[in-house]
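Trainee: I am new to this structure and would like to understand how its descriptive terms are justified. Could we go through them one at a time?

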Amino acid sequence: MIDEQARLLSNREVAADFYLARLNTPHIAARIEPGQFVNIQVSAGMTPLLRIPLSVSGVDSEGGIIEVLYEEVGPKTRALSQLGPDVVLPTLGPLGKGFAPPPEGMRVVLVGGGIGMPPLLYWGLELKQRAHQTALLVGARTANKHLPNELLTPAADAVHLATDDGSLGHAGLVIDLLQYELGEKGPCAVYCCGPHGMMQAVAAICLEAQVPCQVSLEEYMACGIGICVGCAVELATAKGDTDYGRYARICVDGPAFDVRQIKWGNAWPT
Ligand SMILES: Cc1cc2nc3c(=O)[nH]c(=O)nc-3n(C[C@H](O)[C@H](O)[C@H](O)COP(=O)(O)OP(=O)(O)OC[C@H]3O[C@@H](n4cnc5c(N)ncnc54)[C@H](O)[C@@H]3O)c2cc1C
Ligand code: FES
């Protein structure tokens, strides 16, 4: 883990309230894997106090550049959205454990929505380089909440969109698209990141279908480095393979987990 002085290269709105920032961080860019995240200090003052954990959505390791995609939802993302080129942001990374690879040659389905898209975009690019056939299923509330095609299409062989209000792509939930992929197109490995309800539904479907599935649990975090235990998630079985027995700390033991590891509660892992 490195605390690097990252230089902001660009920061632009790419969909309604979604921003794409490019940061020059050569040391982090050389090491970060898909599914890992960085913790960025967006202000030199006391507020916002905490750093903001963001997954990496793309890497140019030779150029020393990482990309992060974020939705403006509160003080830290608002502060970041207002910054321009050449601002220097202390950035800790690479953090956490990323995605484990699928079985060699297996088709992959990536299922994402909202702030869950960034790690899937980086993972999709990597999987294509490893010659996995990939489909990217993306859910959003409405058309202007979808990321532009230029960001989605490089990450998969096929991209399928859904909107809750029917304004773009399939009218309904991204889960419907997953059911179709599993029912019609044969064996695959699934990777998912998005709102809590979506990840829980995807986990249930994949457990039922006995399809390998990993989720990235981007829970609210404080320290992001394993100290505060504010990001604990209960495990399905207490294997004693973490320092906290029945619980894992999402920031160091995840954020990527096999869905079979997690004790899924009524609404969310408890
Ligand atoms: C490992 C990790 C990776 C992440 N990657 C990304 C990313 O790539 N892009 C991105 O936009 N965001 C990402 N997030 C989420 C982002 O860090 C939070 O949304 C952050 O709290 C925003 O800070 P804020 O001060 O702007 O808003 P806050 O005031 O902290 O939050 C605004 C609202 O969103 C809710 N909220 C905050 N975080 C979460 C969460 N994780 N899940 C559900 N609700 C939440 C809060 O309860 C509050 O109502 C990631 C989080 C983690 C832990
Ligand atoms: S956020 Fe502090 S231990 Fe995970």
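Trainee: How many aromatic pairs does the count come to by this rule?

Mentor: In this predicted model, the count comes to 4 aromatic pairs.

Trainee: Why is the aromatic pair of Tyr 19 and Tyr 70 called stacked?

Mentor: The ring centres of Tyr 19 and Tyr 70 are 5.4 Å apart and their planes stand at 15°; centres within 6.5 Å make a pair and planes under 30 degrees apart count as stacked, so the name applies. This pair links distant parts of the chain, with Tyr 19 in strand 2 and Tyr 70 in strand 6, 51 residues apart.

Trainee: What makes the pair of Phe 99 and Tyr 191 edge-to-face?

Mentor: Here the distance is 5.4 Å centre to centre, with 80° between the planes, and because planes over 60 degrees apart count as edge-to-face, that is the term used. Phe 99 lies in the loop between strand 7 and strand 8 whereas Tyr 191 belongs to strand 12, so the pair ties together parts that are 92 residues apart in sequence.

Trainee: How do you know whether Phe 99 and Tyr 191 are buried or exposed?

Mentor: Phe 99 has a relative accessible area of 8% and Tyr 191 has 1% relative accessibility; since buried means under 20%, the word fits, and both Phe 99 and Tyr 191 are therefore buried.

Trainee: Why is the largest nonpolar core said to lie between domain 1 and domain 2?

Mentor: Domain 1 (2-95) and domain 2 (100-218) both give residues to this core, so it lies between them. The core has 36 residues, and Val 111 and Leu 178 are among those that touch the most other members.

Conventions: Residues numbered from 1 in each chain as written. Chains lettered and ligands numbered in written order. Predicted model: local features only at pLDDT ≥ 70, side-chain atom pairs only at ≥ 80, totals over all residues. Heavy atoms only, no water. Core = buried A, V, L, I, M, F, W, Y, C linked by side-chain atoms within 4.5 Å. Buried < 20%, exposed > 50% of the residue type's maximum accessible area, 1.4 Å probe, protein only. Domains from an automatic or database assignment. Phe/Tyr/Trp six-rings, centres within 6.5 Å; stacked < 30°, edge-to-face > 60°. Helix = DSSP H or I, 4+ residues; strand = E, 2+ residues; numbered from the N terminus.
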